[in-house]
Amino acid sequence: MTTGHVFIATSTDGCIARTDGGLDWLDIAGIEAEEHGFDAFLASVDGVVMGRGTYEKVLEFDGDWPYSKPVIDLSRTLTDRDIPTRLQNTVQVSNLAPRAVMENLSDQGWTRAYIDGGKVIQSFLRENLIQDMILTRIPVLLGGGVPLFGPLDGDIALVHQTTRSFASGLVTSTYKIDR
């Protein structure tokens, strides 16, 4: 079956967005000049599975759509008709549960999927569908916001693989899910 892989940034206090969904805190001086491994990570996956909130936030970004690979937008309310014409060859809407999504992607020939968005990551973790996570901590405390991790049915053991720090203050750690 297709394996799930996470690459995401959090504030140092574990938030992926402000309470209102804002991401302005990601604009740290010097961050644009550094290579943090995202391009290599994206090259290693067949496509992206993200939630509706993440999809809508990416639509707000300045510039072109950032993904050339297929994107599956998990939503219970959107349909493929809601996708802008310019993205209809790239973005597909699905209302399938996590395991069914991964089985469907396997049937399509995907081997590795980039899993993005807090609630989607949480649901895929609960279903034991994440193989590893690359977590980048941004040197800022938000004091509240949207947490990356939420309630779980039990502990999920992580095996530390690597940690790398950057001049901008970012710290990236890679963890394998210990099954």
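Helices here are DSSP runs of H or I at least four residues in length, and Gln-122 sits in one of them, helix 4. The model is a predicted one, and Gln-122 makes a handy way into it. With a relative accessible area of 13%, Gln-122 falls under the 20% cut-off, so this residue is buried. Setting aside neighbours within four places in sequence, Gln-122 is in contact with Pro-147, Leu-148, Phe-149 and Gly-150.

The rest of helix 4 (118–126) tells a similar story. Besides Gln-122, the buried residues of this helix include Gly-118, Val-120, Ile-121, Ser-123, Phe-124 and Leu-125. Because seven of its nine residues are buried, helix 4 is largely enclosed by the rest of the structure. Just past the end of helix 4, Asn-128 takes a positive phi of about 60 degrees, and it does so as a residue other than glycine. Asn-128 lies in the loop that runs between helix 4 and strand 7 (130–138). Unlike the buried residues of the helix, Asn-128 is partly exposed, with a relative accessibility of 42%.

Stepping back to the whole fold, the protein has four helices and ten strands. Read from the N terminus, the order of these elements is β-β-α-β-α-β-β-α-β-α-β-β-β-β. The radius of gyration is 16 Å, close to the 16 Å given by the globule rule for 179 residues, so the protein is as compact as a globular protein of that length. Along the principal axes, the C-alpha atoms fill a box of roughly 40 × 40 × 30 Å. Buried residues make up 43% of the 179. As for how the chain is tied together, 68% of the contacts between residues at least 6 apart in sequence join residues at least 24 apart. On the outside, the protein exposes about 9700 Å², and carbon and sulfur atoms supply 49% of that area.

Inside, the largest nonpolar core has 23 residues, and those with the most contacts within it are Val-49, Leu-105, Ile-115, Phe-124 and Ile-130. Strand 1, strand 4, helix 3, strand 6, helix 4, strand 7 and strand 10 (171–177) each give two or more residues to this core. Helix 4 turns up again here, with the largest share of the core at four residues. A second, separate core has 18 residues, among them Phe-7, Val-71, Val-91 and Val-93.

Leu-105, from the largest core, leads on to helix 3 (residues 98–107), where the buried residues are Pro-98, Val-101, Met-102 and Leu-105. Seen down the helix axis, the buried residues of helix 3 fall within an arc of 95 degrees, so they line one face of the helix. The cover over these residues includes strand 1, strand 3 (47–51), strand 4 (71–74), strand 5 (91–94), strand 6 (112–116) and helix 4. For Leu-105 itself, not counting residues up to four places away in sequence, the partners are Thr-2, Val-49, Ile-72, Trp-110 and Ala-113. Just after helix 3 comes Gly-109, with a positive phi of about 95 degrees.

Phe-7, a member of the second core, also belongs to an aromatic cluster, in which ring pairs link Phe-7, Phe-38, Phe-41 and Tyr-114. Counting ring centres within 6.5 Å of each other as a pair, the total comes to seven aromatic pairs. One of them is the tilted pair of Phe-7 and Phe-41, at 5.2 Å centre to centre with 40 degrees between the planes. This pair links distant parts of the chain, since Phe-7 is in strand 1 (residues 3–11) and Phe-41 is in helix 1 (residues 38–43), 34 residues apart. Both partners are tucked away: Phe-7 is buried at a relative accessible area of 10%, and Phe-41 is buried at 6%.

Strand 1 also holds Thr-10, which is buried at a relative accessible area of 7%. Leaving out neighbours within four places in sequence, Thr-10 is in contact with Cys-15, Ile-16, Trp-25, Thr-136, Arg-137, Ile-138 and Leu-148. Leu-148 is thus a contact of Thr-10 and is likewise a contact of Gln-122, which brings the account back to helix 4.

How values were computed
Residues are numbered from 1 along each chain as its sequence is written. This is a predicted model: local features need pLDDT of at least 70, side-chain atom pairs count only at pLDDT 80 or more; totals for chains, interfaces and linings use all residues. Side-chain values use heavy atoms; hydrogens and water are left out. Rings of Phe, Tyr and Trp (its six-membered ring) pair if their centres lie within 6.5 Å; planes under 30 degrees apart count as stacked, over 60 as edge-to-face and the rest as tilted. Buried means under 20% relative accessible area, exposed over 50%, partly exposed in between (1.4 Å probe, protein chains only). The arc is that of the directions from the helix axis to the C-beta atoms. Contact means heavy atoms within 4.5 Å. The radius of gyration is taken over C-alpha atoms; the globule rule is 2.2 Å times the number of residues to the power 0.38. Accessible areas come from the Shrake-Rupley method with a 1.4 Å probe; for residues, only the protein chains shown count as cover. A nonpolar core is a set of buried Ala, Val, Leu, Ile, Met, Phe, Trp, Tyr and Cys residues joined through side-chain atoms within 4.5 Å.
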